Amino acid sequence: MMGLTEGVFLILSGTQFTLGILVNCFIDLVNGSSWFKTKRMSLSDFIITTLALLRIILLCIILTDSFLIEFSPNTHDSGIIMQIIDVSWTFTNHLSIWLATCLGVLYCLKIASFSHPTFLWLKWRVSRVMVWMLLGALLLSCGSTASLINEFKLYSVFRGIEATRNVTEHFRKKRSEYYLIHVLGTLWYLPPLIVSLASYSLLIFSLGRHTRQMLQNGTSSRDPTTEAHKRAIRIILSFFFLFLLYFLAFLIASFGNFLPKTKMAKMIGEVMTMFYPAGHSFILILGNSKLKQTFVVMLRCESGHLKPGSKGPIFS
C-alpha cells in the first residue's frame with residue numbers, strides 16, 4: 001500500500017511533469033509553426049526547439065522511472081529495464097545539457113564584444129563554430145552513454161554477489177571499483193559546466209566594459225546592447241544554478257542504492273531532477289522575444305483581456 005510520503009512525491013512528480021511538458025511543448029509549437037510558415041529557422045531557435053524536444057523525452061523517462069520505483073521496484077532493478085532507462089536517460093540528459101551550453105556560447109559570441117583575435121575569429125565564424133559544437137555534443141553524449149557498459153557489468157556482478165550474501169574480499173573490491181567508475185562518470189558533466197561558466201564570465205566582462213563606455217559618452221546605459229547582455233546573462237546564469245541543483249539531484253538518485261533509505265533517496269532525487277527541464281525552459285521563454293510575446297498574448301486571451309486574433313500593443 002502506498003504511504004502518504006510516497007503519494008506526496010508522486011503528486012509533486014506529476015505536477016512538475018505536467019508543467020514541464022506544457023512549457024516545452026509550447027516552445028516546440030511556436031517555433032515549429034513559425035518554421036512551417038516561413039520555412040526558415042535561426043540557429044538559436046533550432047537549438048531551443050531541439051532542446052525542448054529532448055526535455056520532453058527526458059521528463060517522460062524520469063516519470064517512468066519514478067513510477068517503476070514506487071509501484072514495481074523489482075522490475076526497475078532488473079537488468080534489462082534498468083539498462084534501457086539508464087541508457088535513454090544518459091544520452092538524452094547529456095545531449096540536452098550540451099545544447100543548453102551551446103546556446104550560451106551562441107549568445108556569448110553574438111552579443112559580447114572583444115578585440116582579441118581569437119574571439120573575433122570565432123565571432124565571424126559563429127555558424128560554423130556552432131555546427132562543430134553541436135556535432136561534438138552529439139559525440140560526447142554517445143561517449144558518456146557508451147561508458148555505461150562497464151558500469152552495467154560491474155553492477156551485475158555487484159548485485160549478484162550481494163544477493164548471495166557472500167561478502168568476501170572480492171565483493172569489497174568489486175564494490176569499490178563500481179563506486180569509482182560511478183563517480184568518474186559524473187566527470188562528463190564538467191566540460192559543459194566549464195564552458196557555460198566561461199561564457200557567463202565573458203558576457204559579464206563585456207557588459208562591464210560596454211557600461212563604462214556608455215557612461216563615458218554620457219549616454220543611457222539602458223540601450224539595446226546592454227539589455228541583450230543582461231538577457232543573455234540571466235539565461236546562462238539560470239542554467240548554471242539550475243544545472244548545479246540538477247547535478248545534486250542526480251547524485252542523490254544515483255547513490256540512492258547505497259543510502260540507508262534507498263527508495264526515499266531515489267524519489268527525492270527524481271522529484272528534484274524534474275525541476276531543471278521545466279524551470280530553465282520557462283526562463284528561455286522569458287528571454288526570447290518571440291516566445292515571450294506569444295506567451296503573453298496567450299495569457300491575455302485566456303484571461304479575456306484580448307480577443308483571439310487581435311495582436312494587441314505588444315506587436316505594434
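The paragraphs below lead through this structure, a predicted model, from its overall fold to a few individual residues and contacts.

Taken as a whole, the protein contains 13 helices and zero strands, and reading along the sequence therefore gives the pattern α-α-α-α-α-α-α-α-α-α-α-α-α, where helices and strands are runs assigned by DSSP and numbered from the N terminus. Of the 316 residues in the protein, 42% are buried.

A convenient place to enter the model is the loop between helix H1 (4-38) and helix H2, where Lys39 is placed. The backbone at Lys39 has a positive phi of about 60°, although Lys39 is not a glycine. With a relative accessible area of 54%, Lys39 is exposed, because the threshold for that class is over 50%.

The same part of the sequence leads on to a surface feature. Trp35, Phe36, Met41 and Phe46 make a nonpolar surface patch of about 420 Å². Of these patch residues, Phe46 is found in helix H2, which covers residues 43-71. The relative accessibility of Phe46 is 40%, so Phe46 counts as partly exposed, since that class lies between the limits of 20% and 50%.

Helix H2 also takes part in a contact between charged side chains. How many salt bridges does the count come to? The count comes to one salt bridge, in which the side chains of Lys290 and Asp45 meet at 3.0 Å, N to O. Lys290 lies in helix H13 (residues 289-303) and Asp45 lies in helix H2, so this pair ties together parts that are 245 residues apart in sequence. As for the two partners, Lys290 counts as partly exposed at 25% relative accessibility, whereas Asp45, at 11%, counts as buried.

Farther along helix H2 comes Thr50, which is found in that helix and is partly exposed, with a relative accessible area of 25%. The C-alpha atoms of Thr50 and Ser96 are separated by 8.3 Å, while the two residues are 46 residues apart along the chain.

The discussion now turns from the surface to enclosed space. Rolling a probe the size of a water molecule over the atoms shows where empty space is left. The structure holds two cavities of 30 Å³ or more, and the second largest cavity contains about 50 Å³ of space. Which residues line the second largest cavity? The lining consists of Ala100, Thr101, Leu103, Gly104, Tyr107, Ser196, Ile235, Ile236, Phe239 and His280. Helix H4 (79-111) and helix H10 (224-254) each supply at least two residues of this lining, and H4 gives the most, with five residues. By residue class, the lining of the second largest cavity divides into six nonpolar residues, four polar residues and no charged residues, a division in which Gly is counted among the polar residues.

One of the lining residues, Leu103, can be followed further. Leu103 lies in helix H4 and is buried, with a relative accessible area of 1%, a value that falls under the 20% limit for that class. Measuring from C-alpha to C-alpha in the model, Leu103 and Leu134 are 10.0 Å apart in space, and they are 31 residues apart in sequence.

Helix H10, which also contributes to the lining of the second largest cavity, contains Arg231 as well. At 35% relative accessibility, Arg231 counts as partly exposed. The C-alpha atoms of Arg231 and Gly287 are separated by 6.0 Å, with their positions 56 residues apart along the chain.

Placed side by side, these details give a picture in which helix H2 holds Phe46 of the nonpolar patch and is joined to helix H13 through Asp45 and Lys290, while helices H4 and H10 each supply at least two residues to the lining of the second largest cavity.

Notes
Residues numbered from 1 in each chain as written. Predicted model: local features only at pLDDT ≥ 70, side-chain atom pairs only at ≥ 80, totals over all residues. Heavy atoms only, no water. Patch = residues over 30% accessible without salt bridge, like charges linked within 9 Å, V, L, I, M, F, W, Y side chains within 5 Å. Areas by Shrake-Rupley, 256 points an atom, 1.4 Å probe, with all protein chains shown as cover. Salt bridge = Lys/Arg side-chain N within 4 Å of Asp/Glu carboxyl O. Helix = DSSP H or I, 4+ residues; strand = E, 2+ residues; numbered from the N terminus. Buried < 20%, exposed > 50% of the residue type's maximum accessible area, 1.4 Å probe, protein only. 1 Å grid on protein atoms, 1.4 Å probe; cavity = no way out; pocket = protein on both sides within 12 Å on 5 of 7 lines; lining within 4 Å. Points joined across faces, edges and corners; volume = space filled by probe spheres on them.
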